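Please consider how aromatic side chains are arranged in the protein shown below. The account that follows moves from a charged neighbour of one ring to pairs and a cluster of rings.

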Amino acid sequence: MSEKRIVIDPITRIEGHLRIEVVVDENNVVKEAYSGSTLWRGLEQIVKNRDPRDAGFFMQRICGVCTYSHYRAGIVAVENALGIKPPLNAELTRTLMNAALYLHDHIVHFYQLHGMDWADVVSALSADVHKASEEAFKYTSTPFATGADKLKEVKERVEAFVKKGNLGPFANAYWGHSTYKFTPEQNLIVLSHYLECLSIQRTAAQMMAIFGAKNPHPQSLTVGGVTCVMDLMDPARMGEYMSKFAEIKEFVDRAYYPDILMAAKAYANEPSVLNDVGVSNLFCYDEFLIGKNDHLFKGGIILNGDLSKVYDIDEDKITEEATRAWYKNDKALHPYDGETEANYTGLVDGESIDGEGKLAHSKLFDTKGKYSWIKAPRYDGMPMQVGPIASIVINYAKGNERVKKVVDEFLAKSGLPLSAVFSTLGRTAARMLEAKVVAEHTMDAFNALIENLKTDQETCTKYVIDNKKEYKGNFQGNAPRGALSHWCRIKDGVISNWQAVVPSTWNASPKDAKGQMGSYEACLVGMKIADLSKPLEIIRKIHSYDPCIACAVHVMDTKGNDLSTYKINPNL
């Protein structure tokens, strides 16, 4: 058989359940790709007929990672519908909480989720610790946790896993794959930062809790503003935020940035991480209010990768359709009118390559029918790519000096052209650059808040609703994974409809009625796989989007019926 199918299910080191299927030719080049979520859950139905003030608390349960993003979206969508404008103090406080989320999310994504696609842990065990320590100085003048003594300790910790007969958290990976490009010493540097990040992420979570009361599900936002009044008036609490922020910023500057710079140089000629733009239409919203009417990132749309023109967003052009998704209504509907009635049609029998490179019987996507619980969002009928790549490229194209400064500096140090951003390497670098921009300007919002509090202590606007009126409103902003919008209708004083169009819905969407692919699928087509039994190239590309599938699949059976039963073998 000239064509073969590869199934990766589940994609691990992500949030949620994602399955990727590709068809390769006799040269192991991907000819077709299918991205689908195989498990559903959700909250859009749960909030119907509830008090609008409850929406944010339910929406944050869409996901266990970007909880704050959906919490804020649920609150702001209702504010927008009712015409409630929060005080500036509340909006700036929300920015500080958002910064905690972004910095936590981006560093954890690279080290705990995506970093092992770039760094070979087994190779690190053969590194010379002194050479590795010297190597770290090539990418920053102040390396983080890369002294020879520290690297020796890291090496010994991992070797201890090996002596026990396994690699612990680093087990079951494709170590030794031909597309790994770091030297043993470079791998050891990333490994050291991986372990350090386990502690750093705790500090980032504590930053969120300063104003949010807890993490990952904060509770201080309310329709009209924030409730953390005592924290805002307490110099000790404000100082605590500053000190924890400084710790996170140090890690971004001394570990995250230089590691991505190191990757940019090491992988500059690796075909499997280059020239895979996916969808070249980019989309992002305004995000990070750092002063009155001043957003750190500006919204817009780029079409077909043309950086010479950035278009304004027209919300009326946003739709979701379900031609290839397991729902009944296939029409392209605006989110205000979205429907989520299930129509599961199942998988089909077939053959795919197993872990030993042999053909085996499989249950496969019905590629001629429906194959995912994720819908297909479109803008003016076109698929879009969202995420840090969109945020960085759009703002660079718009001449945002805060972004241009950081991007130009990185391009100069890495030797990469701007066009390199349209790739797996570019998506990974753009995420770091977004974290870098946030780290450099969060204190702008902090200082603006301090100044405003000197003359204005308002933190909440009164909640006013007329139960005889009908309202509709939305949140349009960005989450760490890209463009996020929530759309609500309110009638008789309660929510009558709610739809969330999330970043991973845009990127992971199945094909639409025209056969247009989402970005996950599009970026895989044309790629050559070195070893069909170890498709690291596929995993690396998909991880570069930081998938959050629980966000993208958000419906449930409201009648309480059993949908599926799963049995887990604890001995595997």
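Over the face of which residue does K309 lie? In this predicted model, K309 lies over the face of Y311, at 5.4 Å from the ring centre.

Aromatic rings also pair with one another, and the count comes to 26 aromatic pairs. One of these is formed by Y34 and Y371, whose ring centres are 5.5 Å apart and whose planes meet at 90 degrees, an edge-to-face arrangement. Y34 belongs to strand β3 (residues 30-36), whereas Y371 is in the loop between β12 (359-364) and β13 (376-379); the pair therefore ties together parts that are 337 residues apart in sequence. Y34 is buried, having a relative accessible area of 6%. Y371 is likewise buried, with a value of 0%.

A further pair consists of Y257 and F410. Their ring centres are 5.8 Å apart and their planes lie at 90 degrees, so this pair is edge-to-face, because planes over 60 degrees apart count as such. Y257 is located in helix α9 (residues 235-266) and F410 in helix α11 (residues 401-414), so that the contact links distant parts of the chain, 153 residues apart. Both Y257 and F410 are buried. The ring of Y257 has a charged neighbour as well: K436 lies over its face, at 5.4 Å from the ring centre.

Aromatic residues may also be considered as a group. F110, Y111, F144, F251 and Y256 form one aromatic cluster.

Terms used
Residues are numbered from 1 along each chain as its sequence is written. This is a predicted model: local features need pLDDT of at least 70, side-chain atom pairs count only at pLDDT 80 or more; totals for chains, interfaces and linings use all residues. Side-chain values use heavy atoms; hydrogens and water are left out. Rings of Phe, Tyr and Trp (its six-membered ring) pair if their centres lie within 6.5 Å; planes under 30 degrees apart count as stacked, over 60 as edge-to-face and the rest as tilted. Helices (H or I, at least four residues) and strands (E, at least two) are DSSP runs, numbered from the N terminus. Buried means under 20% relative accessible area, exposed over 50%, partly exposed in between (1.4 Å probe, protein chains only). A charge sits over a ring if NZ of Lys or CZ of Arg is within 6 Å of the ring centre and within 35 degrees of the ring normal.
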